[in-house]
Amino acid sequence: MFTGIVEELGEVTAVEILDDACRFRVRGPVVTDGAKHGDSIAVNGVCLTVVDHEGDEFTADVMAETLNRSSLGVLTVGSRVNLERPTAVGARLGGHIVQGHVDGTGEVLERKPSDNWEIVKVSLPADLSRYVVEKGSITVDGISLTVVDAGPDYFTVSLIPTTLDLTTLGHKQPGDPVNLEVDVIAKYVERMLGDRISSEGAAGR
């Protein structure tokens, strides 16, 4: 489990195209400190497994399913990526509960800078809109953010200078894809309420 608090801005140093997958090598001195084979590291919000670790770089394999459901497929050598290690048991939950299981991708639509923050508008797939609410949580490229405005096919977030300086959202431009993970609690509530309604409906027949 992650919290969406990015630890560092890493860099893709190698991309190997396989038959039905990709192998990425990523530089990240902070997240590789103490890393070992089998550990998890979130890359732009996608939970990946460390295959190999040498110095301040690690290698991870990305299957076709993940490439199809996320924006990792557009990464090239030199791409900057948000990196986060799993949350340690007993640690503070600085953001919100993030699984590293991307629900879909959006696209940066618009940026509106101001003196102390910047409003970013992101497109929202229709099947995810019901999980996104004003002042709720959403993960964008692995960053835990608060929704400012939730529309039928978009949402906006307000970014402070720290987020702009230390994450990929400081560099994303209109048209760039981003990974989205909605609040898992909303999905569980929907499932439980759906099962309850179905059971009550069956009992009433």
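Thr 163 counts as buried because its relative accessibility is 15%, where buried means under 20% relative accessible area, exposed means over 50% and partly exposed lies in between (1.4 Å probe, protein chains only). This residue is found in helix H2, residues 161-166. Helices (H or I, at least four residues) and strands (E, at least two) are DSSP runs numbered from the N terminus. When neighbours within four places in sequence are left aside, Thr 163 is in contact with Ile 143 and Gly 170; contact means heavy atoms within 4.5 Å.

The model is predicted, so that local features need pLDDT of at least 70 and side-chain atom pairs count only at pLDDT 80 or more, while totals for chains, interfaces and linings use all residues. Residues are numbered from 1 along each chain as its sequence is written, and side-chain values use heavy atoms, with hydrogens and water left out.

UniProt, in an unreviewed entry, lists residues 1-96 and 97-193 under "repeat: Lumazine-binding". The entry gives these spans under "domain: Lumazine-binding" as well. UniProt positions follow the numbering used here, feature names are shortened, and annotations may be inferred rather than shown by experiment. The table sets out both spans.

| Span | Distance between end C-alpha atoms | Helix | Strand |
|---|---|---|---|
| Residues 1-96 | 10 Å | 6% helix | 44% strand |
| Residues 97-193 | 21 Å | 16% helix | 41% strand |

Six strands form a closed barrel in the order E1-E2-E5-E4-E3-E6, with antiparallel pairing. From one strand to the next, the twist averages 45°; axes are lines fitted to C-alpha atoms, for helices over the stretch in contact, and angles run from 0 to 180 degrees between N-to-C directions. Two strands pair if DSSP finds at least two bridges between them. In general, strands of a sheet pair through backbone hydrogen bonds, either parallel or antiparallel.

Within the barrel, strand E1 (residues 8-17) pairs with strand E2 (residues 21-27) in the antiparallel sense over six bridges. Glu 11 has Arg 27 in E2 as its bridge partner.

Strand E3 (residues 40-43) is paired with two strands. With strand E4 (residues 46-54), E3 forms four bridges in the antiparallel sense. The hairpin of E3 and E4 has two residues between the strands, and Asn 44 there takes a positive phi near 50°. E3 is also joined to strand E6 (residues 80-84) by two bridges, and these strands run antiparallel. Ala 42 stands opposite Cys 47 in E4 and opposite Glu 84 in E6.
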